[in-house]
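Let's take a relaxed walk through a small set of notes on one chain. Have the picture open while you read, and look up each residue as it comes along.

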Amino acid sequence: MSSDRKECPNCAVEVEEGSGNCPICGYEFPKAKSRHHLFTWVAIILIILFLIPAIALLIHALK
Ligand SMILES: [Zn+2]
């Protein structure tokens, strides 16, 4: 019955799962972690894509 609801950690009222903040006290619920992880992975991939040619050039220059 309360599967699609979450409890506000600040005032313990039940709010809808999709809502970003508590309607009673205005507590902001943290966003889904998956989006943060996705951004982190995109950043890591971009760094790798930038580093591989740089390392290849460095190895080529050292030869
Ligand atoms: Zn609240």
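Here is a quick briefing, starting with the whole chain and then moving to single residues.

What you're looking at is a predicted model. The chain has 63 residues, and just 2% of them count as buried. Its secondary structure comes to one helix and two strands, and if you start at the N terminus, the elements run β-β-α.

**Layout of the chain**
- Strand S1 covers 5–7 and strand S2 covers 14–16, with a loop between them that holds Ala12.
- After S2 there's another loop, the one where Lys31 is found, and it leads to helix H1 (33–62).
- If you take the contacts with a separation of 6 or more, residues 24 or more positions apart account for 0% of them.

**How confident the prediction is**
- The average pLDDT of the chain is 89, and 89% of the residues score at least 70.
- Among the elements, S2 has the highest confidence, with a mean of 94, while H1 has the lowest, at 90.

**The loop between S1 and S2**
- Asn10 sits in this loop.
- Asn10 counts as partly exposed because it has 13 C-beta neighbours inside 10 Å, and a residue needs 12 or fewer to be exposed and 20 or more to be buried.
- Setting aside the neighbours within four places in sequence, Asn10 is in contact with Cys22, Cys25 and Tyr27.
- Asn10 and Ile24 are 14 residues apart in sequence, and their C-alpha atoms are 9.7 Å apart in space.
- Ala12 is in this loop too, and its phi is positive, at about 65°, although Ala12 isn't a glycine.
- Ala12 has 10 C-beta neighbours inside 10 Å, so it counts as exposed.

**The loop between S2 and H1**
- Gly26 belongs to this loop.
- Is Gly26 buried or exposed? Gly26 is exposed, because it has 10 other C-beta atoms within 10 Å.
- From Gly26 you can look back to Asn10: the two are 16 residues apart in sequence and 9.1 Å apart in space, going from C-alpha to C-alpha.
- Lys31 is another residue of the loop between S2 and H1.
- Lys31 has 9 other C-beta atoms within 10 Å, so this residue is exposed.
- How far apart in space are Lys31 and Gly20, C-alpha to C-alpha? The distance is 7.6 Å, and the two residues are 11 apart in sequence.

How values were computed:
Residues numbered from 1 in each chain as written. Predicted model: local features only at pLDDT ≥ 70, side-chain atom pairs only at ≥ 80, totals over all residues. Helix = DSSP H or I, 4+ residues; strand = E, 2+ residues; numbered from the N terminus. Contact = placed C-beta atoms within 7 Å. pLDDT = per-residue confidence, 0-100.
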